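Student: Please take me through the ligand site in detail. Then add a word on how the helices pack.

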Amino acid sequence: MQEFDQTVTIGATVPTGFELTAAEEVQEKLDATARVSKNRGRIYFDITTDKLVKVHHLKSLDNLFVVVKEYDNYQFKDTKEEVELDWLELAAKLPWTNALEVWKLNNSIRKRKGRRKRANPTKSDQCGTLCTDTVLSDPEELWEDLEALEVKENQRDVSPQPENDSEEGKLSEDQESGVLPLKFRVTCNRAGDKHCFTSNDAARDFGGAVQEFFQWKADMTKFDVEVLLNIHNNEVVIGIALTVESLHRRNITHFGPTTLRSTLAYGMLRLCKPQVSDVIIDPMCGTGAIPLEGAMEWQNSFFLAGDNNGIAVSRSVNNIKHILKRTHDGGSSSGLPLDIVQWDLCNLPMRSSSVDIIITDMPFGKRMGSKKKNWELYPLCLREMARVCKPGTGKAVLLTQDKKCFSKAMLQMGGLWRKSHTVWVNVGGLHAGVFVLKRTAVVFGTTSEDATEPHSATEPQKENMEDASL
Ligand SMILES: C[S@@+](CC[C@H](N)C(=O)[O-])C[C@H]1O[C@@H](n2cnc3c(N)ncnc32)[C@H](O)[C@@H]1O
């Protein structure tokens, strides 16, 4: 393949709410300034192609694409027929060459990275297109729809997902040389209520135009190239996908019903700004997404995680084992600064004032636990967290969708915690808050609220999924 080294625009989907965090990471690790899209959950940045490998190693980004062309104010015509004609014209005049070079380069990088899983589309039509329509929606949900095509979020299995032997990303010599046509599909994400067409129409018609221009073959499942058509009101971005599977699936092999995306876990961890030798706990760790991400990225801190559910603890242990095996197979002998235990957060086996950072994803009371139980659980959790956290310097970063219960519990804390700020995120379509708390200097046990009756250990919560044993 011809070497080329030039500036291209990369687009990335990121967890909604963490756009600025992702932009910060891009600045820090690639020395590039990212623009946050009006369309929430996306950022764009320019890089020279020699940095493409590094982009794949960023921790905040879910899906990557190379931008073919962006239009800030695309003028859509009033009738479907006119819009269709415009797609034909557009496909023929788009500057495809550089983006396709980046796509080829990316394929060679991914080949080097090893085998990857192929998408398994569930929402499709018969014309080489895949479409999602949303009116006034959160765009991350659109991308979650896309991700759901790979592995359905809510049907995560407890068993390791086998890597398949897909030849995805590998082009035959005939395809490389252009003798055989490439296979492609168009994926359209549309948000806005002023269009005279659906995403289905746009994907089909733009797909037809791309086919006519390149003479490629439409194929919904075994495509080589995935052309993205992102429409948000009058903003149109045409891109070529550089990831088949979202990068947030990097650490977890043993999923639970509420496994957090690694990208979201990373965003939460960045909010705590871990320092060398900090003791960081995730007291409700589930499958361990947060402490695993933390221990891999902040190796100079120490992570301790636990859960009161034995199955969750086993999953965490298996996830750690899998990562350790992967790093050992890769030739590294270093371990992870991380330990997992089974415990009840309401009665932690830890000394008072011994923890620098508490970071956890609390039961929302939907897929895990119940809203009713949260009324009892949340105040107990916040109080026990206040006991183990260092007064004056300690902090907590807590994710929950049960905002009402959380706020009420905070009011019962007698000033042990002070809310610093909140990041609003989208977790599997649910609007949730990441609450950043500072542990005040108030000494635990001296206020009427926290000097109450001894903590009662709560029953392990049943996961309301069909829960196979390990
Ligand atoms: C939302 S899930 C955490 C998911 C996790 N972040 C992951 O990526 O898998 C909440 C967890 O809190 C645990 N939990 C509930 N009550 C608890 C308690 N009293 N002590 C410890 N863990 C508890 C549940 O078993 C569940 O695994």
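Tutor: Start with T287. An N or O atom in the T287 side chain sits 2.5 Å from an oxygen atom of the ligand. Keep in mind that this is a predicted model. The side chain of D307 makes a similar kind of approach: one of its N or O atoms is 2.6 Å from a ligand oxygen atom. D344 turns to another element. Here a polar side-chain atom lies 2.8 Å from a nitrogen atom of the ligand. The ligand's own accessible area is 600 Å², and the protein covers 99% of it.

Now the surrounding shell. It holds 22 residues. T287, D307 and D344 are among the closest, together with L260 and L345. By character, the shell splits into 11 nonpolar, 8 polar and 3 charged residues.

On to helix packing. A packed pair is described by two quantities, the angle between the axes and the distance between them. Take helix α8, residues 262-272, and helix α9, residues 289-297. Their axes come within 9 Å and cross at roughly 65°. An angle of 65 to 115 degrees counts as roughly perpendicular, so α8 is roughly perpendicular to α9. The α8 and α9 crossing is right-handed.

The second pair lies further along the chain numbering: helix α11 spans residues 371-388 and helix α12 spans residues 403-411. The α11 and α12 axes also come within 9 Å, with a crossing of roughly 45°. That angle therefore makes α11 and α12 oblique to each other. Their crossing is right-handed.

To recap the site: T287 and D307 face ligand oxygen through their side chains, D344 faces a ligand nitrogen, and the protein covers 99% of the ligand's accessible area.

Conventions: Residues numbered from 1 in each chain as written. Predicted model: local features only at pLDDT ≥ 70, side-chain atom pairs only at ≥ 80, totals over all residues. Heavy atoms only, no water. Near = heavy atom within 4 Å. Polar contact = N/O pair within 3.5 Å; in protein donor to acceptor, adjacent residues only side chain to side chain. Areas by Shrake-Rupley, 256 points an atom, 1.4 Å probe, with all protein chains shown as cover. Nonpolar A, V, L, I, M, F, W, Y, C, P; charged D, E, K, R; others polar. Axes fitted to C-alpha atoms, helices over the stretch in contact; angles between N-to-C directions. Helix = DSSP H or I, 4+ residues; strand = E, 2+ residues; numbered from the N terminus. Parallel < 35°, antiparallel > 145°, perpendicular 65-115°, else oblique. Left-handed = near helix turned anticlockwise from the far one by under 90°.
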